[in-house]
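Hi everyone, thanks for coming. I'd like to walk you through a structure that is probably new to most of you, so please have a look at it on the screen.

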Amino acid sequence: MNTKILCRENAHNNQGKIQLVIRFTHRKPTTVPPSGIIINPSVWDAKSQWLTNHSWQYQIFQNFLITSGIPHI
């Protein structure tokens with residue numbers, strides 16, 4: 001199973017923030033459930049596809065990944 005964290009840059013809420021989703025792929029079927037984490041677009045690093053270390057949301061997301069058992073870097 002492959003997992004990837006994605007930023008839905010085209011789906012801003014009314015406060016201008018975006019939601020992170022987790023894409024699960026296993027033998028071609030793909031599931032993309034919402035993570036429930038809303039971030040400011042300025043803390044998303046598009047090149048590395050990850051949150052910047054200096055954002056307060058980075059630690060929250062790291063804790064989410066650890067407690068959910070989702071593999072991360």
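I'll go from the overall picture to the strands, the core and a few single residues.

First, some ground rules. This is a predicted model, so local features need a pLDDT of at least 70 and side-chain atom pairs count only at pLDDT 80 or more, while totals for chains, interfaces and linings use all residues. Residues are numbered from 1 along each chain as its sequence is written, and side-chain values use heavy atoms, with hydrogens and water left out.

How confident is the predictor? The pLDDT, which is the predictor's confidence in each residue from 0 to 100, averages 77 for the protein, and 92% of the residues score at least 70. Among the elements, β2 has the highest mean, 83, and α1 has the lowest, 72.

Now the layout. The protein has six strands and one helix. Both kinds of element are DSSP runs numbered from the N terminus: helices are H or I with at least four residues, and strands are E with at least two. Reading from the N terminus, the order is β-β-β-β-β-β-α. The radius of gyration is 12 Å, close to the 11 Å that the globule rule gives for 73 residues, so the protein is as compact as a globular protein of that length. That radius is taken over C-alpha atoms, and the rule is 2.2 Å times the number of residues to the power 0.38. Along the principal axes, the C-alpha atoms fill a box of roughly 35 × 25 × 20 Å.

What about the surface? The accessible surface comes to about 5,100 Å², and carbon and sulfur atoms account for 53% of that. These areas come from the Shrake-Rupley method with a 1.4 Å probe, and for residues only the protein chains shown count as cover. Of the 73 residues, 30% are buried. Here buried means under 20% relative accessible area, exposed means over 50%, and partly exposed is in between, with a 1.4 Å probe and protein chains only.

Let's turn to the strands. Two strands pair if DSSP finds at least two bridges between them. Please follow β2, residues 18–25. Strand β2 pairs with β1 in the antiparallel sense over six bridges, and there Cys7 stands opposite Leu20. Four bridges join β2 to β4, again antiparallel, with Ile18 opposite Ile39. Two more antiparallel bridges join β2 to β3, where Phe24 stands opposite Thr31.

One residue in β2 to look at is Gln19. At 24% relative accessibility, Gln19 counts as partly exposed. Its C-alpha is 6.2 Å from that of Cys7, although the two are 12 residues apart in sequence. Contact means heavy atoms within 4.5 Å, and beyond four places in sequence Gln19 touches residues including Leu6, Arg8, Pro34 and Ile38.

The hairpin of β2 and β3 has four residues between the strands, and Arg27 there takes a positive phi near 55°. Lys28, in the loop between β2 and β3, also has a positive phi, about 85°, although it is not a glycine. Are these two buried or exposed? Arg27 is exposed at 72% relative accessibility, and Lys28 is exposed at 78%.

Now let's go inside. In soluble globular proteins, nonpolar side chains tend to be buried together. A nonpolar core here is a set of buried Ala, Val, Leu, Ile, Met, Phe, Trp, Tyr and Cys residues joined through side-chain atoms within 4.5 Å. The largest such core has 14 residues, and Ile5, Leu20, Ile39, Trp44, Trp50, Leu51 and Phe61 touch the most other members. At least two residues of this core come from each of β1, β2, β4, β6 and α1. Which residues does Phe61 meet beyond its neighbours within four places in sequence? Phe61 is in contact with Ile5, Leu20, Ile37, Trp50 and Leu51.

One last stop is Ser48, in the loop between β5 and β6. Ser48 is partly exposed, with a relative accessible area of 44%. From Ser48 to Lys17 is 19 Å, C-alpha to C-alpha, and 31 residues in sequence.

That's the tour, and thanks for listening!
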